[in-house]
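Open the model in your viewer and show it as a cartoon. The tour below goes from one selection to the next.

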Amino acid sequence: MPKVVSRSAVSSSTDAQPTASSAANLRVYYCICGEFILVIDKSLAALPRRKTDNAIIIRSQDNDAGKARVFKLNATPVDPILVEREGGHERQYGFHCPRCSLPIGYQSTPPPAKSAPFVYILAGSLTQIQGQLPPDAFEGENDET
Ligand SMILES: [Zn+2]
């Protein structure tokens, strides 16, 4: 595999300081209806996926393999469903959007969220709205028209 070196990010005043709390790096995700669903300390795009259904894996408890992510899930628990998997069944306790009831994720144990080692977010169920432009986004763009 070729080595890709892409350290192109130019530092700006808004970069997180090493000493700042992890709050500086929190990402917010929304249901497609616009409801706030998830705030988490890492981009979902950077998290691992399940092989079975491509759901995004959020580690919700510390264990030998790693530390739990810092996140908060705003979703309505629903009755569990049984999903067929290779070699058996899997019980999924789902979470739905509180506003439009769209399924957005699940875990393997009854609510509340984080009672299981992992919370899974369904692929493509959440969007990230970048609500704030960097302060220098329009620098040099004030030409008269
Ligand atoms: Zn929704």
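Start with C31, whose bridge partner in β10 is L126. Keep in mind that this is a predicted model. Now select residues 126-127, which make up strand β10, together with β1: the two strands pair in the antiparallel sense over two bridges.

Next, stay on β1, residues 27-31, and add β2, its antiparallel partner over four bridges. Within this pair, V28 stands opposite V39 of β2. Follow the chain through the hairpin of β1 and β2, where four residues lie between the strands and G34 has a positive phi near 100 degrees.

Move on to D41, in the loop between β2 (36-40) and β3 (56-59). Is D41 buried, exposed or partly exposed? With 15 other C-beta atoms within 10 Å, D41 is partly exposed, because the buried class begins at 20 and the exposed class stops at 12. A distance to draw here runs from the C-alpha atom of D41 to that of V28: the separation is 8.9 Å, and the two residues are 13 apart along the chain.

Now go to β7, residues 88-96, which pairs with β8 in the antiparallel sense over four bridges. One place to look is G94, whose bridge partner in β8 is Y106. The two strands form a hairpin with six residues between them, and S101 in the turn has a positive phi of about 65 degrees.

Select β8 itself, residues 103-107: four of its five residues are buried. β8 is also joined to β9 (residues 118-121) by two bridges, and these strands run antiparallel. End at Y106 again, this time with Y120, its bridge partner in β9.

How values were computed. Residues are numbered from 1 along each chain as its sequence is written. This is a predicted model: local features need pLDDT of at least 70, side-chain atom pairs count only at pLDDT 80 or more; totals for chains, interfaces and linings use all residues. Two strands pair if DSSP finds at least two bridges between them.
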